[in-house]
Amino acid sequence: MKSIIMGVLIAISSFSYSQNCNYIFLGEVKDFHDGTAIESATIHIKESDTYLISDLDGKFKIENLCSGTLTLTISHIGCETKTVSYSIENDVFKIISLEHHLEELNEVVVNSHLKTEGTSIEQTLNKADLEKYTDKSLGDALNSVSGVSSLNTGNTIVKPMIHGLHSSRLLIINNNVRMFDQEWGDEHAPNIDINASNKVEVIKGANTLKYGSDAIGGLILIQPKRYVARDSLFGSTMLSLNSNGRGGNVNSELIKTYKSGFYGRIQTSYKQFGDFEGPDYKLTNSGLKNINASARIGYRSFEKGFDAYYSVVSNELGILQASHIGNVNDLVTAINSRTPRVIEDFSYDIDYPKQNILHNLAKIEAYKRFKNFGKLSVQYDMQINRRKEYDLRRGDLANTPVIDLRLFTNSLQTNLNTDAIDNLKLDTGVLVRYQQNDAISGTGVSPLIPDFEKYDASIYAIGNFDLNDSSELSAGARYDFTRINAEKLYNLTDWEETYNYDELFPQFETNTVENSKILTRPEFTFHNISANVGYSKQFNNNISLFVNYGLATRVPNPSELFSDGLHHSAARIETGLLTLNKEFANKFVASLERNNQNFGFSISPYFKHINDYIQLIPVGITTTIRGAFPVWEYNQINAQIFGVDIDVNKKITDKFNYKGSISLLKGENLTEDIPLIHMPSTNFTNSISYYNDELNQLSINLTHKTVLQQNEFPDYNFYTFNPILQEDVYVDISSTPPAYSLFSFNSSVSFKAFKTGSLKLELNVENLLNTKYNEYLNRQRYFSDELGRNINLKIKINY
């Protein structure tokens with residue numbers, strides 16, 4: 001036995017003696033972008049549990065290594081920690097690159113004022129802000145931002161506006177995908193579930209070329225959360241209950257993250273309301289039902305990663321029963337009446353007229369970084385938007401929509417971010433897009449928007465240059481090619497007599513004429529050049545100056561070119577115009593800001609001059625089998641819009657704070673020397689809040705908002721013959737409602753509910769005084785008042 005033990009010891013001793021433990025590892029820690037040395041980096045050797053520090057040249061040395069695996073973890077302040085493994089069979093020399101640009105790590109840096117672009121003029125709604133609107137729309141949430149308003153159809157269809165501009169002049173980017181679902185009409189709102197997002201950025205300046213050339217109004221960026229690479233499982237559930245409409249919303253999300261960089265998230269929400277109420281009566285058939293879900297998986301490291309996202313939004317929206325009129329005389333009666341034509345008992349039923357919209361969005365994005373060069377991203381995305389609009393109909397078509405459109409959009413885009421040159425960051429990109437609209441047959445009426453195909457191709461370059469430690473300059477240019485091919489039936493009299501299209505566009509004719517209609521195939525091609533330049537300067541006392549100029553071009557969208565039909569919720573016929581040209585806009589925006597919790601402010605004046613501005617205005621009356629209706633037609637003018645947004649915050653005491661804002665805007669039709677239609681009026685907001693972190697994070701807030709009467713509006717009123725009265729009657733569709741003031745109350749408190757989670761309770765009251773009022777930018781203001789008082793209770797569980 002002794003001899004066996006001695007033999008084993010000799011064998012072990014012999015093996016140890018024969019193993020080479022004289023290898024040397026030489027390393028250099030460098031910046032990934034420009035290759036500069038990173039000194040004082042910490043290097044942890046896993047096998048020996050020892051630490052080293054890199055020298056002034058970023059170098060370090062490990063001696064007396066044996067054959068095998070060497071695992072190093074390198075960390076540095078402001079850098080992403082990196083773990084690497086090497087096989088040691090001889091002496092080794094390696095360069096280890098770390099990310100040393102703080103903006104690339106903003107998912108782990110708490111900084112509420114981090115800008116998308118250094119020279120941009122923007123405001124941000126974070127997750128806490130969005131949760132206040134968990135049971136409302138994106139437009140409702142954005143209404144809390146100065147300079148942002150909305151064009152409403154009732155209280156459920158809310159279309160965002162920035163500085164008086166909306167639809168295709170306002171780009172909405174959801175998860176890096178440009179939304180195509182809301183430019184076809186005033187009552188087509190974005191189909192977005194704000195519960196699926198982490199923050200929303202409103203960019204009012206000209207820094208929009210990366211996303212499109214036509215952001216004359218501005219840009220809305222809806223961004224997801226970036227997750228820290230660690231092993232974790234967490235989520236939340238929020239329940240919101242409302243007295244007005246007797247409904248609410250429930251939203252849940254679950255997130256799984258891994259230390260390796262992989263992550264996954266699922267989210268779903270359900271919202272339902274019955275008939276809402278004004279201060280004096282119920283708003284019959286104003287309810288809604290939304291079912292939304294999203295899923296996201298991906299992998300993120302500094303050098304490479306991918307992100308896959310899918311969402312589905314299903315909206316069923318009731319249209320106020322009283323807004324469904326049979327002719328223009330019903331409209332006169334509604335305008336002159338103080339109560340809606342139809343008032344019934346409360347119901348959760350959504351009857352006709354209504355909208356059903358199903359929007360699917362999918363995208364996959366991947367990126368790869370290259371040393372001493374930059375980051376290349378490639379993305380493919382797809383959207384399918386199915387819109388059905390129902391009218392009150394009889395007979396076999398009672399349950400058939402009057403409008404049935406399916407819009408398919410897919411895009412492929414690349415972006416190269418080059419940052420190897422010190423103080424210079426260059427973004428270049430290419431985009432191709434194909435879009436197809438299918439006007440589903442079988443509705444029994446001519447489609448409002450015909451079948452069409454749209455092709456887009458774009459290329460852009462944007463540079464950001466640090467002039468010095470306190471100044472930055474940005475500039476960019478973009479080229480866009482657009483081609484639209486459509487197929488549409490025109491009434492022969494309209495084609496040849498009303499618009500003289502037979503002389504203007506003989507190449508569109510197919511020589512096919514049936515039942516007094518001519519089949520045409522319009523084709524349009526556009527070439528657009530856009531550019532911007534921006535400058536930012538940081539001064540002492542947290543004061544900053546931002547200045548932007550942009551040249552934006554926008555091609556007429558298919559609804560402006562081809563619309564031809566009755567929009568029942570608006571009680572009007574809308575007609576497009578084939579002779580429309582593209583818009584040219586010069587945009588000037590500046591902002592002087594002081595970012596300070598004790599006293600901060602921003603003053604942001606702006607000016608926009610738009611040649612060939614496309615507007616939709618009433619031009620007369622026409623008679624259909626349904627009756628006589630106003631005709632609204634697209635035309636072009638030269639316009640200018642200017643104004644200023646002012647925000648102020650003041651810390652009164654350690655627990656009391658004040659916030660205020662005011663927005664002033666003036667829109668002018670320069671061609672006809674009259675005001676522009678549908679411009680928001682002056683409005684201002686004051687808010688006082690109390691916060692006590694020691695008292696379960698108690699928050700109490702009282703907000704006052706005043707909207708002044710819009711005294712500058714165009715007069716498009718008209719007379720029409722009333723067959724019942726046998727006389728001409730005056731139709732006042734232009735006059736604006738009086739000013740109004742609203743008060744709201746918000747409060748919340750948080751509790752440590754269990755070991756790893758928390759419980760948050762909120763109590764909110766909207767329209768606290770049950771004020772009766774009408775909003776000029778609500779297209780149903782002729783038929784009913786706005787909503788009365790609403791008491792809201794929110795319960796959120798974090799787990």
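This report covers model confidence, one open sheet and one surface patch.

## Model and confidence

This is a predicted model, in which local features need pLDDT of at least 70, side-chain atom pairs count only at pLDDT 80 or more, and totals for chains, interfaces and linings use all residues. Residues are numbered from 1 along each chain as its sequence is written, and side-chain values use heavy atoms, without hydrogens and water.

The pLDDT (the predictor's confidence in each residue, from 0 to 100) averages 89 for the protein, and 93% of the residues score at least 70. Residues 8-17 fall below 50 and have 0 contacts (heavy atoms within 4.5 Å) beyond near neighbours in sequence. Residues 102-113 are also below 50, but this stretch has 16 such contacts.

## An open sheet

Five strands (DSSP runs of E, at least two residues, numbered from the N terminus) form an open sheet. Their order is S8-S13-S14-S11-S12, with mixed pairing; strands pair if DSSP finds at least two bridges between them. Strand S8 (122-125) and strand S12 (177-178) are the edges, each pairing on one side only.

Strand S13 (199-203) runs antiparallel to strand S14 (218-223), over 5 bridges. Glu201 has Leu221 in S14 as its bridge partner.

## A nonpolar patch

A nonpolar surface patch has about 610 Å² of accessible area (Shrake-Rupley method, 1.4 Å probe, only the protein chains shown as cover); its members include Leu239, Tyr270 and Ile291. Patch residues have over 30% relative accessible area and no salt bridge (side-chain nitrogen of Lys or Arg within 4 Å of a carboxyl oxygen of Asp or Glu), with nonpolar side chains joined within 5 Å and like charges within 9 Å. Strands S15 (232-242) and S45 (790-798) each supply at least two of the patch residues.

Ile291 lies in strand S20 (288-300). Ile291 counts as partly exposed because its relative accessibility is 46%, between buried (under 20%) and exposed (over 50%).

Definitions and conventions:
Helix = DSSP H or I, 4+ residues; strand = E, 2+ residues; numbered from the N terminus. Buried < 20%, exposed > 50% of the residue type's maximum accessible area, 1.4 Å probe, protein only.
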